[in-house]
Amino acid sequence: MKLLIVDDSNISVVILKGAIQKFASKLDLEIIGQAENGIQALEIFKKEMPDFVTMDVNMPEMDGLTALDEMMKLKPDVKVIIISGLSDKSTALDAMERGAVGFIQKPFTEDKLNAAFQKLLG
């Protein structure tokens, strides 16, 4: 299964990649790309049509919630996990109403990330 990482923070991307690579083979996940804003994410998304996306909310050019809306139009069964520093519940609820399947608050642990993917994959 294909995974796209969307986050404008290089530190978050490095941590995400490192954590995901530790359990990717067990879950048959392949990281097919990364983007630092919603516009880049949609370009990659249209080409690769990933099964999973990790998405930050606050990004330049196009935020994660707008990108989420567009991805859901293109592939309604994509599984998007929002990973954000925003801690208010309204952001999480908004993301879930738009189609996200999970919300992880930054900073996150490898265990939280692994648990979120395990839950998605049953």
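Which side chains meet in a salt bridge with an N to O distance of 3.6 Å? Keep that in mind as we work through this predicted model.

**Exercise 1. Find the salt-bridge partners of Lys106 and place them in the chain.**

*Step 1.* Let's start with the opening question: the side chains of Asp56 and Lys106 form this salt bridge, at 3.6 Å from N to O.

*Step 2.* Now locate the two residues. Asp56 belongs to the loop between β3 and α3, while Lys106 sits in the loop between β5 and α5, so the pair ties together parts that are 50 residues apart in sequence.

*Step 3.* Look for another acid. Asp7 also forms a salt bridge with Lys106, and here the closest N and O atoms are 2.8 Å apart. Asp7 is found in the loop between β1 (2-6) and α1 (10-27), so its pairing with Lys106 links parts that lie 99 residues apart in sequence.

*Step 4.* Check the surroundings. Asp7 and Lys106 are both buried, and Asp56 is buried as well. Buried here means under 20% relative accessible area.

*Result.* Through shared partners, salt bridges join Asp7, Asp56 and Lys106 into one network. The structure holds 7 salt bridges.

**Exercise 2. Analyse the salt bridge between Lys73 and Glu70: where does it lie, and are its residues buried or exposed?**

*Step 1.* Begin with the distance: the closest N and O atoms of Lys73 and Glu70 are 3.2 Å apart.

*Step 2.* Next comes the location. Both residues lie in helix α3, 3 residues apart, which is about one turn of the helix.

*Step 3.* Finally, turn to accessibility. Lys73 has a relative accessible area of 62% and is exposed, whereas Glu70, at 30%, counts as partly exposed.

*Result.* Helix α3 carries this salt bridge within itself, and neither partner is classed as buried.

**Exercise 3. Describe the setting of strand β4: which strands pair with β4, and in what sense?**

*Step 1.* Take β3 (residues 52-55). Strands β3 and β4 pair in the parallel sense over 4 bridges. Within this pairing, Met55 has Ile82 as its bridge partner in β4.

*Step 2.* Follow the connection. From β3 the chain passes through helix α3 (residues 64-74) to β4, making a right-handed β-α-β crossover.

*Step 3.* Move on to β5 (residues 102-105). This strand runs parallel to β4, and 4 bridges join the two. Ile83 stands opposite Ile104 of β5.

*Step 4.* Ask how covered β4 is. Of the 6 residues in β4 (residues 79-84), 5 are buried, leaving the strand mostly covered.

*Result.* β4 pairs in parallel with β3 and with β5.

**Exercise 4. Characterise Ile39 by its location, accessibility and contacts.**

*Step 1.* Ile39 is part of helix α2 (residues 38-48).

*Step 2.* Its relative accessibility of 35% makes Ile39 partly exposed.

*Step 3.* Setting aside residues up to four places away in sequence, Ile39 touches Glu61 and Met62. Asp77, by contrast, is 38 residues from Ile39 in sequence and 20 Å away in space, C-alpha to C-alpha.

**Exercise 5. Judge whether the overall dimensions fit a compact globule.**

*Step 1.* List the elements: the chain has 5 helices and 5 strands, in the sequence pattern β-α-β-α-β-α-β-α-β-α.

*Step 2.* Compare radii. A compact globule of 122 residues would have a radius of gyration near 14 Å, and the 13 Å of this chain agrees.

*Step 3.* Add supporting numbers. The C-alpha atoms fill a box of roughly 30 × 30 × 30 Å along the principal axes, and 46% of the 122 residues count as buried. Among contacts with a separation of 6 or more, 67% come from residues 24 or more positions apart.

*Result.* The radius of gyration agrees with a compact globule.

Terms used. Residues are numbered from 1 along each chain as its sequence is written. This is a predicted model: local features need pLDDT of at least 70, side-chain atom pairs count only at pLDDT 80 or more; totals for chains, interfaces and linings use all residues. Side-chain values use heavy atoms; hydrogens and water are left out. Buried means under 20% relative accessible area, exposed over 50%, partly exposed in between (1.4 Å probe, protein chains only). Two strands pair if DSSP finds at least two bridges between them. A crossover is right-handed if, with the strands pointing away from the viewer, the path from the first strand over the helix to the second runs clockwise. A salt bridge is a side-chain nitrogen of Lys or Arg within 4 Å of a carboxyl oxygen of Asp or Glu. Contact means heavy atoms within 4.5 Å. The radius of gyration is taken over C-alpha atoms; the globule rule is 2.2 Å times the number of residues to the power 0.38.
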